[in-house]
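Student: Could you pick out one part of this structure and look at it closely with me? I am new to it, and I would like to see how a single element fits in with what surrounds it.

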Amino acid sequence: MAEGGNGSAKPTVSPYDEAMDTLSSLITERTRAGKIQKGDPFDYMFDYLKMLDLEEPISKMSIIHVAGTKGKGSTCAFTESILRNCGFRTGLFTSPHLIDLRERFRLDGVDICEEKFLAYFWWCWDRLKERTGDDISMPTFFRFLTLLAFKIFAAEQVDVAILEVGLGGRLDSTNVVQAPIVCGISSLGYDHMEILGYTLGEIAGEKAGIFKQGVPAFTVPQPDEAMRMLEKKASQLDVHLKVALPLDVNLLNGLDLRLEGEHQYINAGLAVALCSTWIQRTGHIEANYLDETKQSSLPEKFIKGLTTATLQGRGQIVPDRFIDIESPGDLVFYLDGAHTPESIEVCAKWFCRAIKERNKQQNFSSNQPENFSASNKLAESYSCEIPRKNSTQILLFNCMSVRDPQSLLPCLFNTCANHGVHFKKALFVPNISVYNKVWSSALPPIDSQVDLSWQLTLQKLWENLNSSEKGGDAKKVDPICEEGEADKDRCVWSCENSSVFPSLPLAVKWLRDTIQQNKSTRFQVLVTGSLHLVGDVLRFVKK
Ligand SMILES: Nc1ncnc2c1ncn2[C@@H]1O[C@H](COP(=O)(O)OP(=O)(O)OP(=O)(O)O)[C@@H](O)[C@H]1O
Ligand SMILES: [Mg+2]
Ligand SMILES: [Mg+2]
C-alpha cells in the first residue's frame, strides 16, 4: 500500500504509477482557469490524430460505435465477447474504470497488460508533448484516453474495435470515427442534462450525433420522444435504423446472461444485432450466423459470448474476503454502480430478485445447478453450504452531490418495498476515490476531517422515507453522534434506520463486527448510487 505522506521514507514510484501521475496532470490542467483555446475543441481531435499518425489507421479500422444513457458499457461488453467467441481479435474501449485505468482498454477480452500499456502510453504522450504548444495544448483526460485506445487497437491490429462513447455522442472524442461498420444507441434517459439538454428529444439528438451517412444503426425500444428524434436524425443521413428487441431468454439454451438483471436482456438484444450486422457487413458470413439469428435460435458462439461477458460493478456479487471459513457467505456485497433514476430502479429490481434466488437456493438446494453464472459462482457456492440463517438487507450508499438524491433514494426505497425487501439499515459513506482520480492502485489514508454534510442529508432523506412508510409524518431527524473507543475518527452518526460513517473502511468494519457478534445473521449488502463507491468497495473487499 502506498504511504500516506506521513513523512517517512519516500515511497518508490513504479513505472505504472508514474504514468498515472503524468496522466493526472491532464485533469488539473483542464480545470486551471484561463486555458481557453481558439476554435471548437472537438476539432482538435483531428489535429491530435494527425500528430499521432493515426488518421489512416483509423480509416481502416473496423469499428462498432455505441452511445446511450445507460447500458453502453454492458452492450459493448456483450458485443466484444460474442465476436471474440466467433474467433475475431477484439479491442474494447469502455468507461469509466473501477479499480485500474487499464480496465478501459481490453484486447481479446483481457485488460491490456502493463507493459504494453506503458509502451503505448509514452509513445502517445511524448509525441503529443512534442507537437502540441501554444496553439493547441495537450488533450484533456478523456480525449487522451480515446487517442490511446486508437493507437493500441491500430498497433495490435484488432479485427474489430468496439468503442463506447464517453459522454453524449456528437461532440464526444470517440466521434472522430468517420466510417464505423455499425452504430448502436442503448437505452436513453436523463443524465448530463446541463450538457446534452433537458428533454429526451434533445438528449437523443446528441446521441444520434454518432450516426454516419449510410451506416446502419440499431437502438432498443425507447420512449416516443426519443425514438422520433433518432428516426429524424437517421433519415437525414440515410441511416437504416432498426429497433433490436430485448433478447428472448429462451434463446440461451437454459443458460443465464453473465451480467445479471432484467435490463441486461435489452443490452444483449442490441449486442446480438450489432454483431450480426458487423459479421454481415464485413463479409464474414462463412459461418452462416445470420440465417441462424433470424430464426428462433442463436449460434452457439453467440450464446457462449453472451453468457460469459463481464463488466465489473454491474450486477456483481462478491462475498467479503475477511469473513472466516466457518461463516462464508455471511457478508455478501451486491454491487451495481447505478446513479440515475432509471438505473436505480433496475438495480433495485435486480437486487430483490438476486437475494430471493440466493435465499431460496440456500434453503432448498445443496446441488449447484450447472447453469450458474460463473461470475457469481463463488457467492453461490458459499451460500449453498451454509446453514439456515436470517438474511438481513443492508444498503451501502453514496451519490455524487451533482445527483439529485430525491430522485434516487425514494425510487430505490419504493422499488425494494414493492418487492417485499426492506433494508434493516442504510449506511452512508463518502467516496474514497475522487471523481476522475486516475491512480487508484491503493486506498488513500482516511481523512478524519472529512465533511459529512452530504451524507447527513442523504441520511435525513432516508429516515423520512422510513417514517412516512410507517404512517408517521416526516419528522425532524437528528442523528446522534456515537463516539467509538474515544476516537474521533470512529464517530458514527446514527438514527433508527441508518448510520453515517466517516469512511468506507469503518462501515465495512461495522458490518464485519456485527456479523461476528450475531452468528445467526447474514448480511446482504446492496452497494449502489456511485460507481466510485462500487470501485472503493471492490478494492477493499475483493480477494
Ligand atoms: N438498458 C438499461 N436500462 C436501464 N439501466 C441500465 C441498462 N443497462 C444498464 N443499466 C444500469 O446502468 C448501470 C451502468 O451500466 P453500463 O455500465 O452498462 O452503462 P453505461 O451506459 O456504460 O454507464 P456509464 O454512464 O456509467 O458509462 C448498470 O449498473 C445498471 O444499473
Ligand atoms: Mg453516463
Ligand atoms: Mg460506461
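Tutor: Helices here are DSSP runs of H or I with at least four residues, and strands are runs of E with at least two, numbered from the N terminus. This is a predicted model, in which local features need pLDDT of at least 70 and side-chain atom pairs count only at pLDDT 80 or more, while totals for chains, interfaces and linings use all residues. Residues are numbered from 1 along each chain as its sequence is written, and chains are lettered from A and ligands numbered from 1 in the order in which they are written.

Let us take helix H10 (263-281), one of 18 helices in a chain that also has 16 strands. Its 19 residues should span 27 Å (1.5 Å times one less than the number of residues), and because its end C-alpha atoms are 28 Å apart, the two values agree. After H10 comes Gly283, with a positive phi near 80°.

H10 is mostly covered, with 16 of its 19 residues buried (20 or more other C-beta atoms within 10 Å of a residue's own, against 12 or fewer for exposed and partly exposed in between, with C-beta atoms placed from the backbone). Tyr265, which belongs to H10, counts as partly exposed because it has 19 C-beta neighbours inside 10 Å. Beyond four places in sequence, Tyr265 is in contact (C-beta atoms within 7 Å) with Pro246, Leu247, Val249 and Leu257. From Ile64, 201 residues away along the chain, Tyr265 is separated by 19 Å between C-alpha atoms.

Ile64 also brings us to the largest nonpolar core (buried Ala, Val, Leu, Ile, Met, Phe, Trp, Tyr and Cys residues joined through C-beta atoms within 7 Å), whose 82 residues include Ile64, Ala217, Leu274, Cys275 and Trp278 as those touching the most other members. H10 provides the largest share of this core, ten residues. Leu274, with its neighbours within four places set aside, is in contact with Ile64, Thr79, Val182, Gly184 and Phe218.

H10 also takes part in the shell around ligand 1, where H10, H4 (72-85) and H13 (341-364) each supply at least two residues, although H13 gives the most, with four. The shell has 21 residues, the closest being Gly71, Lys72, Gly73, Ser74 and Ser343, where a residue is near if its C-beta atom, placed from the backbone, lies within 6 Å. Since domain 1 (40-308) and domain 2 (316-541) both give residues to this shell, ligand 1 lies between them; the domain bounds come from an automatic or database assignment.

Key: Two residues are in contact if their C-beta atoms, placed from the backbone, lie within 7 Å.
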